[in-house]
Amino acid sequence: MEEFSFPFKPYDIQLRLMREIRDCLEQGKVGIFESPTGTGKSLSVLCSTMTWLENEEDRINKELIERLAKTRKEIRESEKSTEDWEESIRKKDKAEREETEIIEAVEKRQRLAKRIDQAKQGMVDVTRKRKAPARDYDFALTDDEPKDEAAPSEEYNSDGETEKSDAFADDDEEEKEMKCLKIFYASRTHSQLDQLIEELEKTRFQPRVVTCGSRGTLCVNDEVMKLKLNHLINEKCMELRKNGTSEKEKKQKTEEGSKKKKSCATSCEYYNSTQIEELVNGVLANKFKTSAQLKSQGSASHGCPYFATRKSIPQCQLVLLPYQVLLHEGTRNAWGIDLKDNVIILDEAHNVLSTINSLYSAEISEKSLALALKLIREYNEKYKLRLKAKNLLYMKQLEQLTSKMITFLKSESKEDVMTMAQLSRNLNILGINLFKLATYIEKTDLCKKFHGFYVQFQRNEVKKENEKPKLTGIQKLLAKKDEKPEETAEESEPAPPKTVSSPLFSLKSFIDSLTNKCEDGRIIVDKTADPKFRYILLNPADRLAEVLKACRSTVLVGGTMEPAQLLVETLSRGSIGPDSIRRFSCSHVINDSQLLAVTINKTVDGKPFRLTYQTRSLPETLKSLARSIQVLSQHLPNGVVIFVPSYDFLFELKKKMIETKILEQIERKKSVFTETRQSTSDVFKRFSEAAKTPKGAIFFAVIGGKMSEGINFSDELGRAVIVIGLPFPNKTSVELRERMRFLDSQMPNGGNMLYESLCMHAVNQAIGRAIRHRNDYAAVYLFDERFSQDSIKSKLSSWIGDRTQTNLGFTEIIQKSQAFFKSNAEAVNK
């Protein structure tokens, strides 16, 4: 068997990558690996990690056997020893304790093996079924007594003496202990995780695999899924499991006139212990590898895929999960993700820092605050006699906080950025403990209760609008006389209130964000047309470090990881030193003859080209660029993708091309398509069809837009990629300004490092859309003289930066292009 059981004969670069990843795992390091698309990145990662997993399991088994034999030998020797009897007893006691620990470890592995055998045989062990949770109606006097879902929890003690429990969290400890060594593989989207399973199918490896997803992704209960919004789906799921019967069941019982005592069956028809266990068996037996397969079976067998997924995790060897489940502490804990001694793979890892920033950021508008305040006041007024004194205090603090936030947004204050301490002083809320307030909201399910209260509020508002005051006979005659003809039409039934989010969800999210370390974030005050508070996390280092330190080893891999210096510095600030970091950048599997990469310093009319904020709107700049595109595109076959810095610039460029009739000249040679902010797959489909024709096509796209990441422009779709200008972000942005200022305070030149990284990551992503496999070929044209500078060129992915030619004239570039496409077309036709 080959070293990594790669399903095909691996290229040297693939073999090097797999060895680097294996060594990283064995040494327990953090690895940063760049592997361009087309180099078999996913297969290389899977084969290296699965090989390591097999070897590690064998090593652990062998080590346990050897340690047990060694320990038992020490016990026997201590019994026969002629040494000091006290020393002999100490040695024997120590050896016996170690023997017990080893036997326990062996027994745990045996129990897991037995559990997997049961799963393969389809056996459902009743001892593993969850106990049905206590229902509110078990303590009710009558079945017909209406329940106030918005009422406060009477049993809650705000000082934390009681804890909220979930029926799922009450599983036997034995079940939790039955866990195995595993690989956590995280990516940005579920589609990328599904693609990984397709790659896994190409190999000989058959790990127990499960894909994590939200209730919104996995739920098969139509009553829950109709709510659309994720947090409403979560709350409805918990409500149905707690309250006894679903709305559908209640309706059926009412229609049947049933007066029988309600059973203790689960409230959601899919929350069924036996059926969930059968789904878990299917996962552990490798029958259901994808979320789609699990959902299909769950729907058919009336078992909950979401809880089956959660219950499968401890015994699965490969756990696939989206970034937010792994990188957000609260979500990670809710899923019961145990990282200790396990391995993490972060795919598309150039997105990790921005994802963490996004996950821990929050905002709330003045409109949401105003509605929240109205609801809180009405809620406090209605339930003040049912709230315990301490709990009423928290509700009053919530009202006070909301009121003062609104007052500040309406004030004349010019402050646009604040720390948490400054916010507390400006709002005069120093007496409010935000940590305890956040805990109170969480533990009392206040968001769920407020959603019920919010729905009631909406219904009352609709009712008030449709109620007409009682009129006397004369008033009725006068009203009829004044009625306009169009108003006499028959009134339609008032529409039921839409399923929308209670503003308390946004308020809770914002309060949670304020509990981060003061120096790690900033509150941005936006007083434009839609005033709002926005919390931004400036320091993702600690959040990333808490994940990386918890596991055995982490592999951060992506097609375009460069420039990676900011990531390295972030790891360093999270106390992960350079000795613990391993870096490796793959070259491409293609030959040099399959890539032409050039910088275009001057336009076709010989003018230096530097597309800056000051020059990009100048008529002569736009005209000269348009003319250069028109001349160059005549010599490019099939599909050409042109990336520009922004939608606004694309609009200006197209406008100039139309004015000068240059666009008309281009369209005679090639079909032209343009990405818009609302672009659909139909545009890409039409471009794809046109690109494969002899005439070919041009696609104008925006760096950072939908077409610059994740879209495949392989073969005829992307024979040429033109990148126009450097897409540096707007430095006047308050958020960017604060991030740069924070990084400058943490490291020399930190702000500028972020500024350049945001630009060059986007450029590398755009370039990576072409050359997607070993036999592909393409030309890359970098339109801006700054691409020739070493400081910029060094930040390109190594596979293209090392091949990029500079300081060529426009005529020479066209000649090289003609020769390049001719030689590759001949090589393909041989």
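**Aromatic rings, charges over rings, and cysteines**

In this predicted model, the count of aromatic pairs comes to 19. One of them brings Phe687 together with Phe713 in an edge-to-face arrangement, with the ring centres 6.0 Å apart and 70° between the planes. What does this pair tie together? Phe687 sits in helix H28 (residues 681–691), while Phe713 belongs to the loop between strand S15 (697–702) and strand S16 (720–724), so the contact joins parts that are 26 residues apart in sequence. As for being buried or exposed, Phe687 and Phe713 are both buried. The two rings aren't on their own, either: ring pairs link them with Phe673, Phe684 and Phe699 into a cluster.

Rings also turn up with charged side chains over them. Lys731 lies over the face of Tyr755, 4.5 Å from the ring centre. Arg774 does likewise with Tyr11, at 5.9 Å from the ring centre.

Now for the cysteines. How many disulfides are there? The count is 0. Cys212 shows how this plays out for one residue: its closest cysteine sulfur is the one in Cys316, and that sulfur is 8.8 Å away, which is too far for a bond, because a disulfide needs the two sulfur atoms within 2.5 Å. Is Cys212 buried or exposed? With a relative accessibility of 0%, Cys212 counts as buried. Cys586 counts as buried as well, since its relative accessibility is 1%, and the cut-off for buried is under 20%.

Definitions and conventions:
Residues are numbered from 1 along each chain as its sequence is written. This is a predicted model: local features need pLDDT of at least 70, side-chain atom pairs count only at pLDDT 80 or more; totals for chains, interfaces and linings use all residues. Side-chain values use heavy atoms; hydrogens and water are left out. Rings of Phe, Tyr and Trp (its six-membered ring) pair if their centres lie within 6.5 Å; planes under 30 degrees apart count as stacked, over 60 as edge-to-face and the rest as tilted. Helices (H or I, at least four residues) and strands (E, at least two) are DSSP runs, numbered from the N terminus. Buried means under 20% relative accessible area, exposed over 50%, partly exposed in between (1.4 Å probe, protein chains only). A charge sits over a ring if NZ of Lys or CZ of Arg is within 6 Å of the ring centre and within 35 degrees of the ring normal.
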